Amino acid sequence: MAFPDTQLDLATELFIRDRWVEVTDDVRVGNEVRIQHGSASQDRTVPPARCTLTLDNSSDKYNRRNPLSPNYGVLGRNTPLRVSRADLAADTCAGRTVSNGWGTSSHGEAWSQFFNGTGSAADFAVSGGAGKHTIGTANGFRVSYLAGVVHRDVDVAVTLTLSDGDITGADIEPCNIVVRGTSTTDYVMVRLVITTAEAVTIKIMHATGTSYSSTVTVPGLTHSAAQKLRVRVQAEGTAVRAKVWPVSSTVAKSTGEPLGWHVEGNVTGVPVKGWVGVRSGVASGNTDVPVVFSYSDFTVRSNRFAGEISSWPPEWDLAEVDRRMPVDAAGIMRRLGQGASPLRSTLRRSIPSLPNLVAYWPMEDERGATSLASALPDAPPMSISGDQSLASYSGFDASQPLPTLRAALWRGPVQPYTATNQVQVRWVMHTPETSLPDNTVICRIWTSGTIAYWDLATTGTGGLRLLAYTSAGLVLNNGMGFNIPNRNLRVSVQLSQNGANVDYQVSTLEVGASFASYISGTLAGQTTSAVRQIDFSLGSNLNGTALGHCTVETAVTDLFALNSQLSAFNGETATDRIVRLCAEEGVPVAINGEKDDDARMGPQLSATLLDLLSECADVDLGILGESRGTLALKYRTRLSMCNQSATAAIDYAAMQLAPPFKPTDDDRYTLNDITARRAGGTSYRTVQNTGPMSVLDPPNGAGRYDSAIDVNCAYDWQLPNIAGWLLALGTVDEYRIPTIAIDLAGPHVSTNTTLVAGALSLDLGDRITVDNLSSVGIYDQISQLVPGYTETLGPFDHKIEANAVPSSPYRVLVADDPVYGLIDSGSSTLTSGISAAAMSFQVSTADAGDLWTTDPADFPLEIKIGGERIRISSISGSSSPQTFTVATSGRGLNLAGNTKAHAAGAEVHVADPVNFA
C-alpha cells in the first residue's frame, strides 16, 4: 500500500558536523509540518521560505546548551535542514532474485531496461540485495529505468559497488543517474567516470552528447577495491545538480553525504519531465571486462524544503513529560538579508584580487577623513594636505564618491617589495572642462634606479606628457594630445626595463570605450626599478580634478582587463549579473530558464546583495526565490514563464480541487497607467485608453490606477518593454483566484499519478489550470501562475495551497507559430446579429491592418464573441466585411453544449490572444 493508506514517508534531515543525518524518527507526527514558499502576489523578490515542525526532545539531545547532549557544541546558528517526500519510488533490492531484468522494485514500481553494444537481457539481474548490470565487452552501456515514475522536479540517489578495484585499459562509467527520460535516446544523465588513474570525474550531459556543465574531477576521491560510492542528483526546474561521495556508516542514519554539490548545469531545450533510472558503461579499450555494476538503496524523492535553523528554543510542560523543540527554519534569503552591508563599488571589489598588486589606495574615504586609507592589510595610508574636497565627485559609477583636488599634496609611501623589471601605476581621473595649464603635474612616481622620478603632467591643450628626471635633471619630455578634459578616464603609466633601456607607455581608457589612447617610447641608457612613493598634485592647482583607485603593480597588464568593472558592468544581462554576484559572494544560485539578451542592466552601484539581485529581477521581470532542494537562491527568468504548459492540471468535475476556491472579481492588482523610470535616463509612460480595464471613468472603463517603477536598466529603449509588460499584468480582465488547493491525500487525487507528480513539481512561476467548472458558471479554463504556495504535511495528509495570478499575460507572440502566432484584432465586430444556431456570419473590421487571415494553414482557429468560444474552419474575403464559416460542432465550445445569440456590433476576438512581450 502507499500514501494515504499508509503514513506519509516524510524524510527530515539535519546537517550535523560534516554530513547529513536523518532525524525523521524525532519529528512529531502529531504536529503538522508547514512549509511556505514565495509570495501571494506578483512580487519580483519573494520573502524567505519557511518551514515549521516539532522535534521530540525527550532526551534533550536538541538542546544545544546542554553539555550532556550528544549535539552540544554541534547544533548552532543556521544549522541546515532539508525536508522531502521519500515515497516517489525506492528499491532496496533486498529479498528478491530476478534474472533477465530487475523485476518490480521494493516500493512497487516496474523496472524497464535497454542496452547498447554487445549484450542481452541476461546482463540485467537482481541478487544479493543489489540490482546488477553486467557488461561483458568494452564499448557498451546498460540502462535500467522506472518508466512509470515521471517527474520534473525530482531527487534521485543510489549506492554503487564495483566488481573491479583497478581500472585498466580505458575508463568505466558507473552509476550514471538518468533524469528527464522520454526515450532510449532522449534523457539527461550525470556522467560519472572512473579513469585508469582511479580518479572520479562528474559532469551533466544529454544522451546525445550535449554538455550542460564542465567535467569536474572530484577532489579527495580515489576509487579503490570494494569501495561503495553514493551518487545524488537533483532536477529542479531547468537546474540539474549532482554529487558523489564514499559511503560512510560511522554515524547512524547517515551515509556521510557532504553539504555541497560537485557540479550543476542549466538544462534547457529538452523535455521538462521524464522517467528516472541508472546507466552503466564501459569505454572502448577497457580490459577489465566483464565488469559487474551493483546498485542498492535506490531512492526517488520530492524535495519540499531546504533552509537553516537559526534558533533552538526548548519547550516542556510543567510536568516535564512533554519535552519538545519547535523548529522554525528559513530559506537562505533570511540570513542574506539580515544585517547585510552594502557591497563595495565594483572597482573596490575587484582591484584587491589583482595578482601583482603592491599598493592600492581606493580614495573612497568619507568627507571627514584626514588621510586616504590603503585597501591592503598593514599598508600605510596616503597623507593629504592642502586644498581638496573628499567624497565630492560621483561621476564614476564604478566607485563611491571620490575626492577632488586644487592646490594639494598627497603622498603615498609604497612598502618595500621585491622589484621586477616592470612597473605599472594606474588611477581613475576626471579633469575639469577647461584644460589645465601646461606642465601641471598630476602624478609623480618615485622609483629606484637612475631615474629618480617620473612626472605625468598636462600639455596645456588637453593632452598629457611624461617626464623623467635623474639626479642630474630632465631626461625625457614626451607629450601627446590625449584630450583629457571633462572625461572619466583610467590612466596607466607602464615602465619596463629592457636591457639598458626603459620602455614606457602612457595610456588612457575612457569609461565605456572600446579603444584606448596612448603614447609610448624608449628612454635609452637609463634604469628604473621598484616604486618607492606616489605623489599627486605637488601643490599644482588641479582645479577640481577628481582622482581615485591608485594602484602600483609589478607587472604590465592589459588596460582592458578591468573594463567591465570600470563601467560598473553596465549593459550586463540580468541573469549574468545574478550569476556573477552570487559567485563573487559565495552564494549558490540556480537559474531556471533561458536568459533574455534584451534584459540589460544599468551600472552596479553600492547596495546590499539582495537589493542588487532584486534590481535584476525588476529588469528581467522574473522571480528571485530559493531552491527547495539545496541551500541556494533560485532565479526564474521571465522567458521561462511564457507559453508554458501546465505543471498541474486540475479537473473540477473529477473532484480534484480542494477548498478553499473563491474566485474574486476585484481591482486588487489593477494598474492601467504605468510609468517606468531609468536612473540617470528618461522615463516612459504607457496607458490603457480603451476597453473595460482602461483609465476611462466607469462604466466605459475602470478608472485610473497609476503606478511608477524605478528600474536599473542599461538603456532608455528598454523602458517601453518594461512598462508595457507591467501594464499587461495590471489590465487582466479575469477572475482573480487567491488560492488553488490540491489535497494529495484525497481519493480523487492520490490515485492520479500524473496529477500527484505535477503537484509535487509545482514551484514559483509554474502554471496551474482548473477545467470543467461550468457547473458553477465558469465556462473558461482557469489558468494561473503560482507566485507562492503553502503546504501542510501530516501523517496521512498533504495539502498544497497555491497562490495564483492570471497567466494570460505570459501567453506571448511567437512569429509563425501555429498556436502563439495569431495576433488579436482590435477593431472587429459582428456586421449583423447572429442566432444561436448560425454557422456563418460576417465580421466588419474598422482598421485594415486588423483584417483576419484567410490562409488555410491557419485553420481551424478559435474566436470569442460575447463569451462564447467558436471554432472557425475558414475565413473568406480580402476586405471588410469578411465571412466566417463555423466548423462542425464549433459553437459553444466552452458553454457545456449551449450556444447563444449575439447582437450586431459585438466584438470579435481571438479566443486566446497573445501578449507582445
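This passage describes a sheet, two nonpolar cores and one loop residue of a predicted model. Residues are numbered from 1 along each chain as its sequence is written. Local features require pLDDT of at least 70 and side-chain atom pairs pLDDT 80 or more, whereas totals for chains, interfaces and linings use all residues; side-chain values rest on heavy atoms, without hydrogens or water.

Six strands (DSSP E runs of at least two residues, numbered from the N terminus) form an open sheet in the order β48-β49-β52-β51-β50-β53, with antiparallel pairing; pairing requires at least two DSSP bridges between two strands. β48 (828-830) and β53 (908-910) are the edge strands, each pairing on one side only. From one strand to the next, the twist averages 45°, with axes fitted as lines to C-alpha atoms and angles running from 0 to 180 degrees between N-to-C directions. Within this sheet, β50 (residues 861-865) and β51 (residues 868-876) run antiparallel and are joined by five bridges; Leu-861 has Ile-872 of β51 as its bridge partner.

The largest nonpolar core (buried Ala, Val, Leu, Ile, Met, Phe, Trp, Tyr and Cys residues joined through side-chain atoms within 4.5 Å) comprises 118 residues, of which Val-244, Phe-293, Val-300, Leu-613, Leu-633 and Ile-740 touch the most other members. A second, separate core of 65 residues includes Trp-410, Val-425, Leu-436 and Leu-466.

Thr-647 lies in the loop between α6 (638-641), a helix (DSSP H or I run of at least four residues), and β40 (648-651). Thr-647 counts as buried (under 20% relative accessible area, 1.4 Å probe, protein chains only) because its relative accessibility is 16%. Beyond neighbours within four places in sequence, the contacts of Thr-647 (heavy atoms within 4.5 Å) are Arg-152, Gly-758, Ser-761, Leu-762, Asp-766 and Arg-767.

Key
Buried means under 20% relative accessible area, exposed over 50%, partly exposed in between (1.4 Å probe, protein chains only).
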